[in-house]
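Here are some comments on the packing and the pockets, set out as numbered points for discussion.

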Amino acid sequence: MIIVLKPRTTEENIIRVENMIKRHGLDTHTVRGAEMTIIGCIGDTTSVDSKLFEVDTCVDKVMHVQEPYKLANRAFHPEDSVIDVSGVKIGGGHMGVIAGPCSVESFDQVLEIAKAAKASGANLLRGGAFKPRTSPYSFQGLGLEGLDILCKVREEVGLPIVTELMSPDYLDVFEEKVDLIQIGARNMQNFDLLKQLGKVKRPILLKRGLNATYEEWIMSAEYIMASGNENVILCERGIRTFETFTRNTLDLQSIPVLNNKTHLPVVIDPSHAGGKWWLVEPMAKAAVAAGADGLMIEVHNNPECALCDGAQSLKPEKFDALLKQIRQIAEVVGKQI
Ligand code: PEP
Ligand code: MN
């Protein structure tokens, strides 16, 4: 952090501001110019509220040279993080392929999709048991019954499960039964929930909020990490823009940006981004080419009758054809599924 003082600030005030900075446990390096004075703050400024300095009558402006996140920051952790999801590695050259229906509808439905997805090369099974629906009149998910179905299918097919947690009330049961706990876009800034996730032993898949900036998103990961759980995977699922043709706009630039700013794996969800099944294939391929560490794809055996998100779900045959191409692209960019 650099603090620029107003022109002609007196020596007495320079020393006063320096002392203010030192009271936060920081050191100072002051450059006294003919017209203006600049004070460099040395040390960890992540927990210092710069507004405290901005309001001082002698301060012209405060400039940040360091990001406000530390544990998620690539600068302090140069190697890629590799997250282990019950034996499946994601990050650092290992790709996670998460596939399954938007919501758990029945045991037979999930079983059929899971078997097909696994045969095509998926290494994790998704399925919503608790669904965050825009309308209270839409299907809300099977709840705990849905979670039990996922567990039974895991036993039968052998794929670890990924499912969304919406309420802290179910934190214990999710910690016991779910391999990768998904936090949906709508809860990305539910800070109390994020703090509690810091206490669980399971890795977390943190989806990007509907209109969250990169920094806001990384700060949410930082909440979980600072509370004790460093196993966080970021998931881009499209953001709100002026465009209404697609459900959301997939931000592919998030992949290189996040790879630059953080060491956490980045997974792309092209299904919720485009909202249309035929957009999934090109966007999934582009995501892997751009360096994504994984994909989350909705697959349904009967999309026309799906209780949720049928329009954006791939049929198992289409998913199989897509994965054949994904494998080739992954090889080119030095990743393995
Ligand atoms: C989901 O993956 O089922 C989901 C609801 O996604 P999002 O939170 O990204 O909307
Ligand atoms: Mn969905």
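1. Which strand gives the most to the lining of the largest pocket? In this predicted model, that place is taken by strand β9, spanning residues 161–164, which supplies three residues to the lining.

2. The largest pocket holds about 420 Å³ of space, and its lining is made up of 27 residues, with Pro 132, Arg 186, Arg 237, Arg 247 and His 272 lying nearest the centre. Sorted by class, the lining of this pocket comprises 10 charged, 10 polar and seven nonpolar residues.

3. The second largest pocket encloses about 200 Å³, and here helix α7 (residues 214–226) provides the largest share of the lining, namely six residues. The residues that line the second largest pocket include Pro 68, Leu 71, Gln 189 and Phe 191, together with Glu 216, Met 219 and Tyr 223; by class, the lining has six nonpolar, two polar and two charged residues.

4. As for the interior, nonpolar side chains tend to be buried together in soluble globular proteins. The largest nonpolar core in the model has 53 residues, and the members that touch the most others are Ile 181, Ile 183, Leu 197, Leu 206, Ile 297 and Phe 319.

5. Ile 183 merits a closer look: once neighbours within four places in sequence are set aside, Ile 183 is in contact with Leu 165, Met 188, Leu 193, Leu 194, Leu 197, Ile 204, Leu 205, Leu 206 and Lys 207. A second core, separate from the largest one, has 14 residues, among them Leu 5, Leu 26, Ile 39 and Cys 41.

Methods:
Residues are numbered from 1 along each chain as its sequence is written. Chains are lettered from A and ligands numbered from 1 in the order in which they are written. This is a predicted model: local features need pLDDT of at least 70, side-chain atom pairs count only at pLDDT 80 or more; totals for chains, interfaces and linings use all residues. Side-chain values use heavy atoms; hydrogens and water are left out. A nonpolar core is a set of buried Ala, Val, Leu, Ile, Met, Phe, Trp, Tyr and Cys residues joined through side-chain atoms within 4.5 Å. Buried means under 20% relative accessible area, exposed over 50%, partly exposed in between (1.4 Å probe, protein chains only). Contact means heavy atoms within 4.5 Å. On a 1 Å grid over the protein atoms alone, a cavity is a set of points where a 1.4 Å probe fits but cannot get out, and a pocket is an open set with protein on both sides within 12 Å along at least five of seven lines; lining residues have an atom within 4 Å of a point. Grid points are joined across faces, edges and corners, and a volume is the space filled by probe spheres set on the points. Helices (H or I, at least four residues) and strands (E, at least two) are DSSP runs, numbered from the N terminus. Ala, Val, Leu, Ile, Met, Phe, Trp, Tyr, Cys and Pro count as nonpolar, Asp, Glu, Lys and Arg as charged, and the others, Gly among them, as polar.
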